[in-house]
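Here's a quick tour of a structure you haven't met yet. Have a look at the sequence and the model first, then read on.

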Amino acid sequence: MSITSLMDWEFTEDAAFMALCDAFRESGETSAMEFLANGEGAFHFQELTQNAAGEGVDLGDSERMDEFQQEVIETMESLCVE
C-alpha cells in the first residue's frame, strides 16, 4: 500500500520538498538515497517529515516512515534529476 493512500497531503507541493529537490539538483549527487543520507539532504527530509506530521500524516511507525521515505526518493529521482 502506498503512503499516498494513507494521506491526503501532497508532499511535492510542500516548501521543504521543493528545497530538498533544489539542494539535490545543486549537489550533483545522482542518488536521492545517498543525498538523503548526508547532512543537507537529511536536514530537508527531517523538515519534510515534520511538515507531514503537521498535516496529520502519521509516520510514527517504521513501516510508514520507510514507505514515505521510499516515495520521496522515487519522486526526487523522477522530478529532480535534470
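Helices here are DSSP runs of H or I with at least four residues, strands are runs of E with at least two, and both are numbered from the N terminus. By that rule, His 44 sits in helix 3. Before going further, a word on what you're looking at: this is a predicted model, where local features need pLDDT of at least 70, side-chain atom pairs count only at pLDDT 80 or more, and totals for chains, interfaces and linings use all residues. Residues are numbered from 1 along each chain as its sequence is written, and side-chain values use heavy atoms, with hydrogens and water left out.

**The overall picture**

The protein has four helices and zero strands, so to walk along it from the N terminus is to read α-α-α-α. Of its 82 residues, 35% are buried (under 20% relative accessible area; exposed is over 50%, partly exposed is in between, with a 1.4 Å probe and protein chains only). Now take contacts, meaning heavy atoms within 4.5 Å. Among those with a separation of 6 or more, 69% are between residues 24 or more positions apart.

**Helix 1, inside and out**

Helix 1 covers residues 15-27, which makes 13 residues. From first C-alpha to last it reaches 18 Å, close to the 18 Å expected at 1.5 Å a residue (that is, 1.5 Å times one less than the number of residues). Which of its residues are buried? They are Ala 16, Phe 17, Leu 20, Cys 21, Ala 23 and Phe 24. These cover an arc of only 165° around the axis, which puts them on the same side of helix 1 (the arc is taken from the directions from the helix axis to the C-beta atoms). The face turned away from that buried side carries the exposed Ala 15 and Glu 26.

What covers the buried residues includes helix 2 (32-37), helix 3 (39-54) and helix 4 (62-79). Just past the end of helix 1 comes Gly 28, with a positive phi near 80°.

**Two residues and their neighbours**

His 44 and Thr 30 make a handy pair to look up. The touches listed leave out residues up to four places away in sequence.

| Residue | Relative accessibility | Touches |
|---|---|---|
| His 44 | 11%, buried | Ala 16, Ala 19, Leu 20 and Ala 23 |
| Thr 30 | 68%, exposed | Phe 24 and Glu 77 |

Thr 30 is in the loop between helix 1 and helix 2. It's 51 residues from Val 81 in sequence, with the two 7.5 Å apart in space, C-alpha to C-alpha.

**Rings and sulfurs**

There are five aromatic pairs. Rings of Phe, Tyr and Trp (its six-membered ring) pair if their centres lie within 6.5 Å, and planes under 30 degrees apart count as stacked, over 60 as edge-to-face and the rest as tilted. Phe 11 and Phe 68 have ring centres 5.6 Å apart and planes at 80°, so this pair is edge-to-face. Phe 11 lies in the segment before helix 1 and Phe 68 in helix 4, so the pair ties together parts 57 residues apart in sequence. Both are buried. Ring pairs also link Trp 9, Phe 11, Phe 17, Phe 45 and Phe 68 into a cluster.

Where is the disulfide? With sulfur atoms of two cysteines within 2.5 Å as the rule, Cys 21 is joined to Cys 80, S to S 1.9 Å. Cys 21 is in helix 1 and Cys 80 in the segment after helix 4, 59 residues apart. Both cysteines are buried.
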